[in-house]
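Biologist: Please take a close look at a single part of this protein and describe what surrounds it. Then set that part against the chain as a whole.

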Amino acid sequence: MQDDLDAASAAIAERPTSVALASPTGGEMVGFQQTGANAIETDVLVKARQIVSDRDFSTGLTGAVDAVRVPGDPAFSGGVFVPNGSTNLSAPIALTDNFVRVKGSGGGTYLQAPADHVFEATGADFFQSEFSGFRTYSGNDAFHIWPAGEIASLNFTDIVASQFEGDAFSFAAGLTSSKFTRIVADSTLGNRGIYCDSGINNDVAITDSDFTNLTGPAIKTLGLTQLWRVNGLRVEENGQAGVAVFDLTSAVAVQIKGSWFEDHHEYLLKLSGDSDDGVMFDGCVDAGAKDGVGLKASLFDVGTNRVLFGSNHFTNRTIAP
């Protein structure tokens with residue numbers, strides 16, 4: 001009998017501790033220390049809060065992005081981690097501020113917005129933001145970055161935009177000082193890989209990326225295109241009749257190096273505006289147009305503008321056209 005009483009008393013004594021541990025701040029009661037020399041002592045609550053995930057909020061990724069913002073000092077806002085799995089979005093993730101950082105865990109992180117954009121930016125300007133390590137599926141542009149003001153210093157890394165129905169990356173007036181690294185844009189439903197609607201598009205780097213199965217240009221700009229560096233781009237199965245691989249306006253110092261072009265329907269480059277000596281191809285391979293059409297009289301629709309050539313290979317040609 002005494003043993004039963006002792007057990008009951010112990011259970012009653014432990015109950016407050018169990019309740020406290022189960023509370024939202026219960027992790028304060030559990031210690032944690034990382035392995036390795038000079039590791040400090042902390043608690044599980046502090047450790048767990050070091051990473052903010054979309055799974056932490058009932059409002060998902062939108063809530064997580066809002067939570068890491070620092071009002072009045074957005075440059076010190078934190079980042080959001082999206083773990084493996086599919087996240088189904090009922091509306092675009094609204095990026096209403098600068099300094100957004102979203103990182104996935106790789107190909108296993110899948111953001112789906114079948115009826116709209118995945119990310120949509122509005123407001124006065126949008127800059128110094130980073131996106132990396134996830135796949136997207138969208139019923140419109142995957143990234144629709146259309147603020148009223150400046151768009152600058154954006155980094156896109158290790159992103160696969162698949163089955164989008166608009167553009168993989170769509171920008172309003174003027175994209176500057178931005179990088180696209182190891183990007184895949186692949187959609188038989190999609191239009192363009194990168195689209196810049198107007199303004200001055202300055203200092204953009206595209207590296208080791210792959211644009212395939214697009215119905216529109218791999219890159220289309222309507223404003224001045226200057227200081228773009230395209231290196232290691234593969235474009236295949238691109239475009240429809242009348243659609244060029246690159247459709248640029250007023251190009252200045254655009255370098256396209258070490259890139260591969262295959263099975264495109266039309267011109268490799270369409271160039272308009274004042275673009276004298278504005279585009280250079282070097283170390284590129286062009287495998288010609290598809291469906292047995294062969295090459296056009298020229299791969300280039302450039303008007304009176306000139307194109308510079310380094311050492312390239314064009315199918316059925318020994319010199320640049």
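Modeller: Leaving aside residues up to four places away in sequence, Thr42 touches Gly31 and Phe32. This is a predicted model, and the contacts are read from its atoms, with heavy atoms within 4.5 Å as the criterion. For one of these partners, Phe32, the C-alpha to C-alpha distance to Thr42 is 5.3 Å, although 10 residues separate the two in sequence. Thr42 itself belongs to strand β2, which covers residues 41-43. Its relative accessible area is 25%, so Thr42 counts as partly exposed, the class between under 20% for buried and over 50% for exposed.

Strand β1 spans 31-33, and the loop between α1 (2-22) and this strand holds Val30. Val30 is also partly exposed, with a relative accessible area of 36%. That value is over the 30% that patch residues need. Together with Leu21 and Met29, Val30 forms a nonpolar patch on the surface, and the accessible area of these three residues comes to about 250 Å².

As for the whole protein chain, its secondary structure consists of three helices and 26 strands. Of its 321 residues, 44% are buried. Among contacts with a separation of 6 or more, 71% are between residues 24 or more positions apart. The accessible surface of the chain is about 15,100 Å², and carbon and sulfur atoms account for 51% of that surface.

Notes:
Residues are numbered from 1 along each chain as its sequence is written. This is a predicted model: local features need pLDDT of at least 70, side-chain atom pairs count only at pLDDT 80 or more; totals for chains, interfaces and linings use all residues. Side-chain values use heavy atoms; hydrogens and water are left out. Helices (H or I, at least four residues) and strands (E, at least two) are DSSP runs, numbered from the N terminus. Buried means under 20% relative accessible area, exposed over 50%, partly exposed in between (1.4 Å probe, protein chains only). Accessible areas come from the Shrake-Rupley method with a 1.4 Å probe; for residues, only the protein chains shown count as cover. Patches are made of residues with over 30% relative accessible area and no salt bridge: like charges are joined within 9 Å, nonpolar side chains (Val, Leu, Ile, Met, Phe, Trp, Tyr) within 5 Å. A salt bridge is a side-chain nitrogen of Lys or Arg within 4 Å of a carboxyl oxygen of Asp or Glu.
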